[in-house]
Amino acid sequence: MKPDIKPNDIEREHTNLCSRRRFVGGMATGIIAASATPVLGQQGNSRQTLDQTAKQNPVTQYPRPPFRRQSQDWPGLAGKMTPRPDHGETSYEGNGRLAGRKALITGGDSGIGRAAAIAYAREGADVAINYLPAEEPDAIEVIQLIREAERKAVALPGDIRDENFCKQLVADAVRELGGLDILVNNAAKQHSVNSILDLTTEQFDATFKTNLYAMFWITKAALPHFTAGASIINTSSVQAYNPSENLLDYAQTKAAIVSFTKSLAKQLGEKGIRVNAVAPGPVWTPLQVSGGQPPSALESFGENTPMGRPGQPAELAAVYVTLASQESSYASGQVYGVSGGSGNP
Ligand code: NAD
Ligand code: MG
């Protein structure tokens, strides 16, 4: 058994893991297919991570507040965050749980979507990721990691607030992957505004387009390509149940995602297509440092959870894998919380 690990031990552990792990190349399409820089080499010792499978104290497993005050222009890059988020780059180990599957993940460049993309590839799935063109530096790293897992990686940048792009996104993913079995509707817009009087129609519209309309458009386009055994996973939030006063528009969309998930699961149950949602608590991702939280709130981000720290994207990966896998064949219409000790359901 491993003793409790203090935050200072994290980098030493990371170095050991890097020297233990071996990665090999695969395939990729899209603009970034040409990139061949080893991702671990790029990221060096700034990454904070641990062997997730070793028994350890989750309270001290990852960085705790206070965090350095920081902000980025939206949509933000994981590569510019301090500390850098852990998406499981050096820790996630697959066991063929998604062998041969084909997955499309929106917001797959960073945060929770990146953690799912890495895990899916290491579990044997080919993976297409969507992201905004401004996020290319993050996306390059993910594509490289999927290739290192010897799976096909497809980069599909574009803005999902546009219905035609959403249709094209699914068509491109299906063509490049040769089908589709798993859809992760994960991209989102979150921008903190203290008063309804300052919440513009433009922001309200953008939040709803990104978080709800795109999920509707992409799911609708993907459905004709699904056969029994396919899985849809939507990223909701604890905000669905306990909405913050400064996230009036965002929280509504996260509640609607729960409803969409449960309703669609009833529609698709007899077809053998499962639909579930994940409701994370505070997670250390670009969403939060690019307007999702006021910079002052970031310093204590995650402090109010029972574990006293935010989650890292890597800590969500297993749930996305389980929900995509045939192992959870009877789970549909459910919402899975990952929130450090509090939150619903
Ligand atoms: P993230 O910033 O890493 O991911 C969000 C992604 O959304 C971006 O990478 C971007 O590619 C994508 N996106 C945003 N607008 C887009 C657009 N118009 N077109 C295409 N892509 C667009 O942050 P994250 O926290 O990993 O977010 C992933 C999901 O997790 C979101 O649904 C978010 O609501 C949810 N979530 C996050 C937290 C948290 O604390 N970080 C908590 C609960 C739920
Ligand atoms: Mg991103």
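Leaving aside neighbours within four places in sequence, Thr 261 is in contact with Asn 234, Val 275, Asn 276, Ala 277, Gly 333 and Gln 334, where contact means heavy atoms within 4.5 Å. This residue of the predicted model has its place in helix H7, helices (H or I, at least four residues) and strands (E, at least two) being DSSP runs numbered from the N terminus. Thr 261 counts as buried because its relative accessible area is 0%; buried means under 20% relative accessible area, exposed over 50%, and partly exposed in between, with a 1.4 Å probe and protein chains only. The side chain of Thr 261 also reaches the backbone oxygen of Ile 257 at 2.6 Å, a polar contact being a pair of N or O atoms within 3.5 Å, of which, within protein, one must be able to donate a hydrogen and the other to accept it, while residues adjacent in sequence count only if both atoms are side-chain atoms.

In this predicted model, local features need pLDDT of at least 70 and side-chain atom pairs count only at pLDDT 80 or more, whereas totals for chains, interfaces and linings use all residues. Residues are numbered from 1 along each chain as its sequence is written, chains are lettered from A and ligands numbered from 1 in the order in which they are written, and side-chain values use heavy atoms, with hydrogens and water left out.

The protein chain contains 10 helices and eight strands, and 57% of its 345 residues count as buried. Among contacts between residues at least 6 apart in sequence, 81% join residues at least 24 apart. The accessible surface of the chain comes to about 14,300 Å², of which 51% belongs to carbon and sulfur atoms; accessible areas come from the Shrake-Rupley method with a 1.4 Å probe, and for residues only the protein chains shown count as cover.

Ligand 1 is surrounded by 32 residues, the closest being Ser 110, Glu 135, Tyr 250, Thr 285 and Gln 288, where a residue is near a molecule if one of its heavy atoms lies within 4 Å of it. Oxygen atoms of ligand 1 are found 2.6 Å from an N or O atom in the side chain of Ser 110, 2.8 Å from a polar backbone atom of Ile 112 and 3.5 Å from a polar backbone atom of Gly 281. The protein covers 98% of the 800 Å² of accessible area that ligand 1 has on its own. Helix H3 (111–122), strand E3 (126–131), helix H7 (248–268) and helix H8 (286–292) each supply at least two residues of this shell, and H8 gives the most, with three residues.

Thr 285, one of the closest residues to ligand 1, is located in the loop between strand E7 (274–280) and H8, and counts as buried because its relative accessibility is 8%. Not counting residues up to four places away in sequence, Thr 285 touches Met 81, Gly 111, Ile 112 and Pro 313. Its C-alpha atom is separated by 9.3 Å from that of Asp 86, although the two residues are 199 apart along the chain.

The magnesium ion (ligand 2) has as protein donors Asp 109 (OD), Ser 110 (OG) and Glu 135 (OE), which lie 2.1 to 2.2 Å from the ion; donors are N, O and S atoms within 2.8 Å of the metal (3.2 Å for Na, K and Ca), and water is not among the atoms, so sites may look incomplete. The donor residues are spaced D-S-x24-E in sequence. Asp 109 is buried, with a relative accessible area of 1%, and Ser 110 is likewise buried, at 11%.

Arg 309 occupies the loop between helix H9 (295–298) and helix H10 (317–324), and is buried, with a relative accessible area of 4%. Its side chain reaches the backbone oxygen of Pro 58 at 2.7 Å. The C-alpha atoms of Arg 309 and Pro 65 are separated by 6.3 Å, the residues being 244 apart along the chain. Pro 65 is in turn joined to Pro 66 by a cis peptide bond, with omega about 10 degrees, and Pro 66 is found in the loop between helix H2 (39–43) and strand E2 (102–106).
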